[in-house]
Amino acid sequence: MAIDYTFPPEVEEARQRMRAFVDEDITPSEERLLSEAAGRGDWRAELDRLRSRARELDLWMPHMPKEWGGVGHGPTALAAVSAEAAKTRFGSYIVNCYAPDEGNMHTLLHFGTDDQKSRYLKPMCEGTMRSCFAMTEPEVAGSDPTLMQTRAELHGDEWVINGHKWFISGARGAQFAILLARTEDDPAVPQAATSAFIVDVPTDGWELVRDIETMSGSHNHCEIRITDLRVPATNMLGERGGGHRLGQKRLGPARLAHCMRWLGQIETALDMMVARSLERYSHGSYLSEKQGIQWMISESAIELYQAKLMVLHAAYLIEHDLPFATEVSMAKHHVANTLWRVIDRAVQVHGALGYSKDSPLADMLLQARWSRFADGADEIHKWRVAEAVIESTHRATGRTWPESLPL
């Protein structure tokens, strides 16, 4: 059967409309406000204007169904438009398709009751409510949710929750959190120990300790103390003991959504690298004529090509209800590392300019570093890929497992 790598006409049309919106509206606005050293009020007014414009152009919420006010794109189409939106600083926010709200919208859509959707999903889709996802904890490895220590105990018709969370993205300014906590003492399997809750914030028992300073500054990744926090039983999201399953169902596509946005950043860095090489003259020729620079450009283009194909294939699997976990792990590892390498090469080609704040590359590189551990560290994804490959060989050959492999 023939393999068709082209987007359907409606997807290509949506991608081109997103690109035009970015080029003609978003980028000029961002450049103007940055050059004017605009204040918070100026940025807020302009972002609100651009969000209204996104609605007018039918670019609002490309990831959500039409009945919820979105465009209704499937995962492959979403990959196409997300990469275009992410070429700017605020593009994903302007079209209301940004982390962590994008993943929380999907979680509420699939697990929420009618009342929960009315109270939380609807205003999120309208762009009037923000959220966060509270899972990781400082005392245990974030890559292993079965170790979670935050506990929830049922007292009558309320859950009382105590615990400690950190690096909770978007917590400052969020109006609710999807919080994971341990509810079962002796589950049949470790993955059945936790449950998810919707927590209205701010509220008694929810202490936002600080916005954790990272190597690239403060970006709303917060530490939270939870002390005798009371949550109505009706605010459990999904089934009791289903927190791990809910989290994994959310994080699988969310990992790929990150990759979709990173493609836009990789392409931006590559474009900047090429433009710099064509205009910078040194030692008798332009940088673009020097083999060392050509290799940087070539390697970056090859890795971007691989990244695009991996993201689109993983998106295809999700869209057609096929197993996708291994392919998403492969894409997450490859795209995150490609993001880091390509931006680093672009900095190198720009020299001191790339290292300075006069270029966006310095901030892009600092932001890129977190991609190799957010939503699963490189090593976790490589481990999962290896497990899948070994298991596949086991099934094909009938070989027995070594006793040391805990399957």
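This report describes the cores, strand pairings, one helix crossing and two buried residues of a predicted model.

## Nonpolar cores

The largest nonpolar core has 74 residues. Within this core, Leu256 and Ile343 touch the most other members. The element that gives the most to this core is helix H7, which covers residues 243–279 and supplies 11 residues.

Some of the packing can be followed from Leu256. Setting aside residues up to four places away in sequence, Leu256 touches Val311, Ala314, Ala315, Ile318, Val328 and Ala331. Apart from this core lies another one, of 21 residues. Among the members of that other core are Ile161, Val199, Val201 and Ile224.

## Strands E2, E3, E6 and E7

Strand E2 spans residues 151–155, and strand E3 spans residues 158–169. The two strands run antiparallel and are joined by five bridges. One of the paired positions is His155, whose bridge partner in E3 is Glu158. E2 and E3 form a hairpin with two residues between the strands. In this hairpin, Gly156 takes a positive phi near 65°.

E3 also pairs with strand E7, residues 217–232, through nine bridges. This pairing is antiparallel. Here His164 has Arg225 in E7 as its bridge partner.

E7 pairs with strand E6 as well, which covers residues 206–214. Seven bridges join E6 and E7, and the two strands run antiparallel. A hairpin of two residues links E6 to E7. Which residue in E7 is the bridge partner of Glu207? The partner is Arg225, the residue that also serves as bridge partner of His164.

## The crossing of H5 and H6

Two packed helices are described by the angle between their axes and the distance between the axes. For helix H5 (residues 101–111) and helix H6 (residues 114–125), the axes come within 10 Å and cross at roughly 150°. The crossing is left-handed.

On the H5 side, the residues that meet H6 are Asp101, Asn104, Met105, Leu108, Leu109 and Phe111. On the H6 side they are Gln116, Lys117, Tyr120, Leu121, Met124 and Cys125. The residues of this contact divide into eight nonpolar, two polar and two charged.

## Ile178 in strand E4

Ile178 is found in strand E4, residues 176–182. Is Ile178 buried or exposed? Ile178 counts as buried because its relative accessibility is 0%, and buried means under 20%.

Leaving out residues up to four places away in sequence, Ile178 touches Asn104, Thr107, Cys132, Phe133, Ala134, Ala196, Phe197 and Leu237. Asn104 also appears among the H5 residues that meet H6. Phe197 lies 19 residues from Ile178 along the chain, and the C-alpha atoms of the two are separated by 5.6 Å.

## Met18 in helix H1

Met18 is found in helix H1, which covers residues 9–35. At 2% relative accessibility, Met18 also counts as buried.

Which residues is Met18 in contact with, leaving aside its neighbours within four places in sequence? They are Leu59, Val81, Glu84, Ala85 and Val95. Met18 and Ala377 are 359 residues apart in sequence, and their C-alpha atoms are 31 Å apart in space.

Technical notes:
Residues are numbered from 1 along each chain as its sequence is written. This is a predicted model: local features need pLDDT of at least 70, side-chain atom pairs count only at pLDDT 80 or more; totals for chains, interfaces and linings use all residues. Side-chain values use heavy atoms; hydrogens and water are left out. A nonpolar core is a set of buried Ala, Val, Leu, Ile, Met, Phe, Trp, Tyr and Cys residues joined through side-chain atoms within 4.5 Å. Buried means under 20% relative accessible area, exposed over 50%, partly exposed in between (1.4 Å probe, protein chains only). Helices (H or I, at least four residues) and strands (E, at least two) are DSSP runs, numbered from the N terminus. Contact means heavy atoms within 4.5 Å. Two strands pair if DSSP finds at least two bridges between them. Axes are lines fitted to C-alpha atoms, for helices over the stretch in contact, and angles run from 0 to 180 degrees between N-to-C directions. A crossing is left-handed if the near helix is turned anticlockwise from the far one by less than a right angle, and right-handed if clockwise. Ala, Val, Leu, Ile, Met, Phe, Trp, Tyr, Cys and Pro count as nonpolar, Asp, Glu, Lys and Arg as charged, and the others, Gly among them, as polar.
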